[in-house]
Amino acid sequence: MVEKGWNYFTKMKSEYRIDPSIEHYGCMLDLARVDDLNKAKELITKVPLEPTSRIWGCLLTASRQHKDVELAEFATKQILPLGCDNTGLYVLLSNLYAKTGRWEDVRRVKSVMESQQLIKTVGLTMVDVKGQTFKFTDQDRSHEHGHLIYDVLDLL
């Protein structure tokens, strides 16, 4: 599938004379990060358009999945000047440092978050069951069957 995606992407310009948009590059980045992080980084640096924070964030997420601290730090340096909400960025970087045992870096990132008064936002999951929508937040036990839900999660 990855190879097929690259083939179509290449044909966009060469055969169909369509200039890829930043969204097309984002899709290709998703394919590249599955296969090869260096290829993903190369793609971003060669994009003829200005990469957005979402594009760099995609690379940051992939670097976390592959435990590539160097690439995560590179992506972080690209995102920070773009001036977006950096809370998730710091949390992700801190988690990567923790996964790789870099505890001094974890403390440094948390200190930056504290000095900038950044607070981790609560994640929200919405599930639709038979036309009824249920909302869950991290550690939310207010649902009437919350104790059963967490019992099942504990088994997993």
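Biologist: Let's start with strand S1: of the six residues there, what is the number buried?

Modeller: Keep in mind that we're looking at a predicted model. A residue has to be under 20% relative accessible area to count as buried. No residue of S1 gets there, so the strand lies largely in the open, and the number buried is zero.

Biologist: And which strand does S1 pair with, over how many bridges?

Modeller: S1 covers residues 124-129, and its partner S2 covers residues 132-137. The pairing runs in the antiparallel sense. As one example of a bridge, Val127 is matched with Phe134 in S2. So the partner strand is S2, and the count of bridges is six.

Biologist: Which residue in the hairpin of S1 and S2 takes a positive phi?

Modeller: Look at the turn, where two residues sit between the strands. Most residues other than glycine have a negative phi. Here, a residue that is not a glycine goes to about 50° instead. It's in the loop between S1 and S2, and its name is Lys130.

Biologist: Is Lys130 buried or exposed?

Modeller: The cut-off for exposed is over 50% relative accessible area. Lys130 has 86%, so the label is exposed.

Biologist: What about the loop between H1 and H2: which residue there has a phi near 55°?

Modeller: That's a positive value, in a residue other than glycine. The residue is also exposed, because its relative accessible area is 71%. It lies in the loop between H1 and H2, and it's Arg17.

Biologist: Pro20 is found in that H1 to H2 loop too. Is Pro20 buried or exposed?

Modeller: Have a look at the company Pro20 keeps: leaving aside neighbours within four places in sequence, it is in contact with Phe9, Met12, Tyr25 and Leu49. Its relative accessible area is 11%. Buried means under 20%. Therefore Pro20 counts as buried.

Biologist: Now the inside of the model. How many residues does the largest nonpolar core have?

Modeller: In soluble globular proteins, nonpolar side chains tend to be buried together. In this model, the residues with the most contacts inside the largest core are Leu29, Leu59 and Leu60. The full residue count of that core is 35.

Biologist: Which helix gives the most to this core?

Modeller: The elements that give two or more residues are H1 (2-14), H2 (22-35), H3 (37-45), H4 (53-65), H5 (69-79), H6 (87-99) and H7 (103-115). The top contributor puts in seven residues, and that's H6.

Biologist: Which residues does Leu60 touch, if we don't count those up to four places away in sequence?

Modeller: Leu60 is one of the residues with the most contacts inside the core. With the close sequence neighbours set aside, its contacts are Ala72, Ala75, Thr76, Ile79, Leu89 and Leu92.

Biologist: Ser94 is found in helix H6. Is Ser94 buried or exposed?

Modeller: Beyond its neighbours within four places in sequence, Ser94 has contacts with Val106, Val109 and Lys110. Its relative accessibility is 5%. The limit for the label is under 20%, so Ser94 counts as buried.

Biologist: And Glu3, in helix H1: buried or exposed?

Modeller: Glu3 has a relative accessibility of 69%. Anything over 50% passes the cut-off, so Glu3 counts as exposed.

Biologist: How far are the C-alpha atoms of Glu3 and Gly131 separated?

Modeller: Along the chain these two are 128 residues apart. In space, their C-alpha atoms have a separation of 39 Å.

Biologist: Which element supplies the largest share of the lining of the largest pocket?

Modeller: The pocket has a volume of about 150 Å³, and its lining is made of Ile22, Glu23, Gly26, Leu29, Asp30, Thr52, Arg54, Ile55 and Cys58. Both H2 and H4 supply at least two of these residues. The largest share is five residues, and it comes from H2.

Biologist: By class, what does the lining of the largest pocket have?

Modeller: Among the lining residues are Ile22 and Leu29, but also Glu23 and Arg54. Sorted by class, the lining comes to four nonpolar, two polar and three charged residues.

How values were computed: Residues numbered from 1 in each chain as written. Predicted model: local features only at pLDDT ≥ 70, side-chain atom pairs only at ≥ 80, totals over all residues. Heavy atoms only, no water. Core = buried A, V, L, I, M, F, W, Y, C linked by side-chain atoms within 4.5 Å. Buried < 20%, exposed > 50% of the residue type's maximum accessible area, 1.4 Å probe, protein only. Helix = DSSP H or I, 4+ residues; strand = E, 2+ residues; numbered from the N terminus. Contact = heavy atoms within 4.5 Å. Pairing = 2+ DSSP bridges. 1 Å grid on protein atoms, 1.4 Å probe; cavity = no way out; pocket = protein on both sides within 12 Å on 5 of 7 lines; lining within 4 Å. Points joined across faces, edges and corners; volume = space filled by probe spheres on them. Nonpolar A, V, L, I, M, F, W, Y, C, P; charged D, E, K, R; others polar.
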